[in-house]
Amino acid sequence: MMVRINPDASARKKTILKSDTAKNIARIRAVQRQAFDAAPYPVWETRKTNLIKLRDVILGHEAEFVKAISDDFGHRAAEDTIIAEFLVMQGGFSHALKHTPKWMKTRKAPTALQYKPASNRIVPQPLGVVGIISPWNYPLQLAIMPLIGALGAGNRAMIKPSEYTPRMSALLKSLLAEAFSEDEIYVATGGVDVASAFSELPFDHLVFTGSTNVGRIVAQAAAKNLTPVTLELGGKSPVIIDDSANLDLTLPRLVNGKLLNAGQTCVAPDYVLMPQNKIKGFTDAVIKHAETLYPKFSRNDDYTSIIADSHYARLQNLLEDAENKGAKIQTAGDDDKQQLAKERRVAFTVVTNTTPDMKIMQEEIFGPLLPVVASESLDESLAYVQKHDRPLALYWFGEDKNKREQVLKESHSGGVSINECAWHVVQEDIPFGGVGPSGMGAYHGEAGFESFSHMKGVFIQSRFSQGKTLFPPYTDKTRKMIGFMKKFL
């Protein structure tokens, strides 16, 4: 029996934050574009000043953000916020400050022999005004990381945070308004109506992080203005555990990756593929590891609550649907279910005997529930993954390098961590993004700089060019030049 909660019983006080209007955010967008047009190529010193100012504002108010985010969640482990938000942002700032001067430079490009002595260049050019729609699960990091890329690339930016995190949004809006003018950075607040109007603004680039379904709506709205988009979505990120895996290393890493932020992570392991005869041993072992990390799920400062009553009810419905269709439900710990419901927490739960018709196998879980799918071979597991929507992340645990390479070559996902969960996301030297239904485009590090820049190709003709021999009227000399050029193609 699943314990349900009264939606009113755990209602939190809402932060009163004046909502923006469609008219006002349109005005801000126009003001930012006008300011950009007046200074379309900020020098490095200007960009550096903005990045340092942003870094100091955000990292200098860590305690306030930790409290605001925890209050928005009902309770969120301080370490979850520090590890998954502040450490990630600090790395992003450091990387951008170190490398952006190099990324800004005009780049020489090869010139085919038949076109010499002309030359080619690539000039990174700021786009203008970047819009950022950030989600509730990592509300600060997923607003600031795209902003780092946008500012480093020389743009101005507007941010629309989630209405699920009003305290964080109010703090972010206040702090950025003190540090930056509205024609540099602006935080727009409000509900779905504001988010809808925001996505319809004629930005020069729009970043959205959220669900695939909402991502489709945002992409359609942006398409009306031919606004390029970076969509960081999600999906059901699979875990494949090879026979060669060291389980003493694998299981704690898997559990930690699943239970960080109580599973409310877009790259959280969503389900595990393994042979039927190993599922029972795996289930017992993974629950034991979960209980080692979290001896209690209720009244435990290390464990995070589910963001809202509606999301708590959704997770309960997934479990109820699976159980009604024959799944076996095994829960870690022995917490009182009423107390868990009161705190809006869900203990780590393994779901076995899964079937494709269960909602838990059709929807992104976004919580601490871990289904297990019977799969008898690597080929079968890869076929299963490839048959479904391409996920944001894929995880493989093992020591067999041949199988590892097979997984990397025969599966599609936004990114991969080998013998770990989610750590590919925080690597600033590789791009982060989805593929297909899990997203499009990428950011972080140089990938972010290039996403928020126009990498403009430039051809510089030489005074000694023989190109005029290709001008009409065409003669034997023209045909001879064409033949000469063909030799180099």
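## Nonpolar cores

The largest nonpolar core of this predicted model has 111 residues, and those with the most contacts inside it are Ile58, Leu140, Ile144, Leu172, Phe282 and Phe348. Helix α4 (residues 78–104) contributes the largest share of this core, namely 9 residues. A second, separate core comprises 19 residues, among them Tyr186, Leu201, Leu206 and Val218.

Leaving aside residues up to four places away in sequence, Phe348 touches Lys258, Leu259, Val286, Ile287, Ala290, Phe297, Tyr303, Gln330, Thr331, Ala332, Pro368 and Leu370.

## The seven-stranded sheet

An open sheet is formed by 7 strands, which follow the order β10-β11-β12-β9-β8-β13-β14 with mixed pairing. Its edges are β10 (328–331) and β14 (415–418), each of which pairs on one side only. On average, and with direction ignored, neighbouring strands of this sheet are turned by 20° against each other.

Within the sheet, strand β11 (residues 349–352) pairs with strand β12 (residues 369–374) in the parallel sense, over 3 bridges; Val351 stands opposite Pro371, the latter belonging to β12.

## Helices against the sheet

Helix α9 (residues 247–259) packs on the sheet, where it touches β8 (238–241), β9 (271–274), β12 and β13 (393–397), and the direction of α9 makes about 170° with that of β8. Helix α14 (residues 401–410), in turn, lies across β13 and β14 and runs at about 170° to β13. Strand β13 is thus touched by helix α9 and also crossed by helix α14.

Methods. Residues numbered from 1 in each chain as written. Predicted model: local features only at pLDDT ≥ 70, side-chain atom pairs only at ≥ 80, totals over all residues. Heavy atoms only, no water. Core = buried A, V, L, I, M, F, W, Y, C linked by side-chain atoms within 4.5 Å. Buried < 20%, exposed > 50% of the residue type's maximum accessible area, 1.4 Å probe, protein only. Helix = DSSP H or I, 4+ residues; strand = E, 2+ residues; numbered from the N terminus. Contact = heavy atoms within 4.5 Å. Pairing = 2+ DSSP bridges. Axes fitted to C-alpha atoms, helices over the stretch in contact; angles between N-to-C directions.
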